[in-house]
Amino acid sequence: MKINRFMIAAPKSGSGKTMITCALLQLLKDSGKNVLSYKCGPDYIDPMFHKKVLGVPSKNLDTFFTDEKTTVQLFLDERADGDFAVLEGVMGLYDGLGGIYEQGSSYHLAKVTQTPIILVVDAKGMGKSVLALIAGFLQYDTHHLIKGVLLNRMSKGYYDIIKPLIEKELSVKVVGYFPEQKDIGLSSRHLGLVMPDELSDIKKQLNETADRLKKTIDMDLFIDIAEAADEIGDSENADVYNEKNIGNCDQNEFLQNKAINTVNIAVAMDEAFCFYYEDNLRMLEKCGAQLLYFSPLHDTSLPEDCDAMLLGGGYPELYAKELSKNVSMLNAIKKAFRAGIPMVAECGGFMYLHTYIRNICDDNDEKNNADTQNKADIQNDMNKSKLVGALDGGCHFKGKLVRFGYIELAEKHSNFLPPNEKIKAHEFHYYDSTDNGADCIATKPATGRNYDCVISRDNYWLGFPHLYYPSNPHFAESLVRKAYEYRRNKNGKLL
């Protein structure tokens, strides 16, 4: 398949990748290209920017989550010849698993998808030293994927001096520059960027960025680089969700009848719950589920006739007071949980199921001082929001990252996964639970360190890790199968 494409990567985080990527997506969209985007790694926020703000289809690709063949299949799924793809890298170009391995890096993804790279270099405060930096990255580029360099935070005057030196000494094209933009910036919070719905006038801001970038880059050169990308994969085998790839789905009774029978999975989706991998949702649909979106913030009841529930991650701590006031929704979810509805809750969704969330740091250096402790307890109660209460105990803000990074999960007793199989996931949370669960073993792939986590029973999987279903499609199959069984038992007959 011929997909025109390039990757925007950088030597390090904070180089301006996201701002440049969004501006380029806007320019390509304005030019009439059928543009789409991909984010390297487990980040949820950037794809939301691409979709919500720019209206550009976007999803994640990650070579830790999936092997090379599956990654290419996911890249090509629902794509057509002539599409124009922009891939946004993560961290530094060569920063992969554990910070030292190629797997999971932007470079590995570019290599697997045969995508040309445009290196965005933050050149502020640098003179000719920028050549040494670029030269080092070119030397590491054993597959010769770096086809262009963009100099960020550089003045026009110095750009005119340094550009010919770079092209002469390093034999790489300089595609343009971008002056420092003190009046344009994207704020940060717990992970990555703030939510796009929270930025005032963000569309106007990004349009202004795109207009400024257009004046300082050679857009034709970007397009030439993208159009020179090789054909990739076999479009006839691009569907990663077919029965063969999903595993034993086609042998299951509920999937044999999925053409005429559908189960309904209620999916929490609003300002508080919005962290979902696009391919997770697609895989559930391909397994025979219909997704019914609802808002724990704004709706007063669950969707009618739902057979399972998915509570994704997000920022429930920022909306804890509003969530606690929606008593009818809290009761509806607690009632459904107690009735045995199949349920998957990840990170923010897991927190939501607790009895409360406490939004102040409960670490106290003066715990031996009774008077100080008493005052702290009173203050803690004032900052405690009551939530669903399906799980005893609560979640507490710890003031620092509790868990961060990739993991592989194995169930101690098979509920959602076949025996001895694992699913890959990612963690990033500042809150901790009074009971994180102990039904799975999480293993850090770079170090081999492991720990217990997740509450996994026959009908529910609850914990902090964000799962990536394509890393083990049996998980999606299991959730849909459990939904079919729940519906069958609820109706007292086979579908």
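**Exercise 1. Which residue in S23 is the bridge partner of Ile455?**

Keep in mind that you're looking at a predicted model. Work outwards from the pair of strands to the sheet.

- Step 1: Find the strands. S22 and strand S23 (residues 460-463) run antiparallel and are joined by two bridges.
- Step 2: Read off the partner. Ile455 is bridged to Leu462 in S23.
- Step 3: Put the pair in its sheet. The strand order is S10-S8-S11-S13-S23-S22, an open sheet of six strands with mixed pairing.
- Step 4: Look for the edges. Strand S10 (289-294) and strand S22 (455-456) each pair on one side only, which makes them the edge strands.
- Step 5: See what lies on top. Helix H11 (residues 278-286) lies across strand S8 (263-268), S10 and strand S11 (308-311). Relative to S10, H11 runs at about 130 degrees.

**Exercise 2. Work out where Gly437 sits and what surrounds it.**

- Step 1: Place Gly437 in the chain. Gly437 belongs to the loop between S19 and S20.
- Step 2: Is Gly437 buried or exposed? Its relative accessible area is 15%, and the cut-off for buried is under 20%, so Gly437 counts as buried.
- Step 3: List the contacts. Leaving out residues up to four places away in sequence, Gly437 touches Asp452, Cys453, Val454 and Ile455.
- Step 4: Go back to Leu462 from the opening exercise. Gly437 and Leu462 are 25 residues apart in sequence, with 8.1 Å between their C-alpha atoms.

**Exercise 3. Describe the hairpin made by S20 and S21.**

- Step 1: Check the pairing. Strand S20 (residues 440-443) pairs with S21 over four bridges, in the antiparallel sense.
- Step 2: Pick out one opposite pair. Cys440 faces Cys453 of S21.
- Step 3: Look at the turn. Six residues lie between the two strands, and Gly448 in the turn has a positive phi of about 85 degrees.
- Step 4: Follow the side chains of strand S21 (residues 450-453). Tyr451 and Cys453 point to one face and are buried. Asn450 and Asp452 point to the other face and are not buried. That fits the usual rule: in a regular strand, side chains alternate between the two faces of the sheet.

**Exercise 4. Lay out the sheet that contains S14 and S16.**

- Step 1: Get the order. It goes S15-S14-S16-S19, four strands in an open sheet with mixed pairing.
- Step 2: Name the edges. They are strand S15 (384-386) and strand S19 (431-433), each pairing on one side only.
- Step 3: Add the twist, which averages 20 degrees from one strand to the next.
- Step 4: Zoom in on one pair. Strand S14 (residues 354-361) and strand S16 (residues 391-397) run parallel, with five bridges joining them. As one example, Ile357 has Cys395 in S16 as its bridge partner.

**Exercise 5. Decide how the buried residues of H5 are arranged around the helix.**

- Step 1: Size up the helix. Helix H5 (residues 129-140) has 12 residues and spans 17 Å from first to last C-alpha, close to the 16 Å expected.
- Step 2: Collect the buried residues, namely Val130, Leu131, Ile134 and Phe137.
- Step 3: Look down the axis. The buried residues of H5 fall within an arc of 130 degrees, so they line one face of the helix.
- Step 4: Turn to the other side, where Ala132, Gln139 and Tyr140 are exposed.
- Step 5: Find the cover. The buried residues of H5 are covered by elements including strand S5 (117-122), strand S6 (146-152) and helix H6 (156-170).

**Exercise 6. Classify how H2 packs with H7, and H1 with H8.**

- Step 1: Take helix H2 (residues 45-53) and helix H7 (residues 202-214). Their packing angle is about 95 degrees and their axes are 11 Å apart.
- Step 2: Apply the cut-off. Angles of 65 to 115 degrees count as roughly perpendicular, so H2 and H7 are roughly perpendicular to each other.
- Step 3: Name the contacts. Phe49, Lys52 and Val53 in H2 meet Ile202, Lys203 and Leu206 in H7.
- Step 4: Move on to helix H1 (residues 17-30) and helix H8 (residues 219-227), which pack at about 90 degrees with axes 12 Å apart. H1 and H8 are therefore roughly perpendicular too.
- Step 5: Name the contacts here as well. Leu24, Leu27 and Leu28 in H1 meet Met219, Phe222 and Ile223 in H8.

Methods:
Residues numbered from 1 in each chain as written. Predicted model: local features only at pLDDT ≥ 70, side-chain atom pairs only at ≥ 80, totals over all residues. Heavy atoms only, no water. Pairing = 2+ DSSP bridges. Axes fitted to C-alpha atoms, helices over the stretch in contact; angles between N-to-C directions. Expected span 1.5 Å × (residues − 1). Buried < 20%, exposed > 50% of the residue type's maximum accessible area, 1.4 Å probe, protein only. Arc of directions from axis to C-beta. Contact = heavy atoms within 4.5 Å. Parallel < 35°, antiparallel > 145°, perpendicular 65-115°, else oblique.
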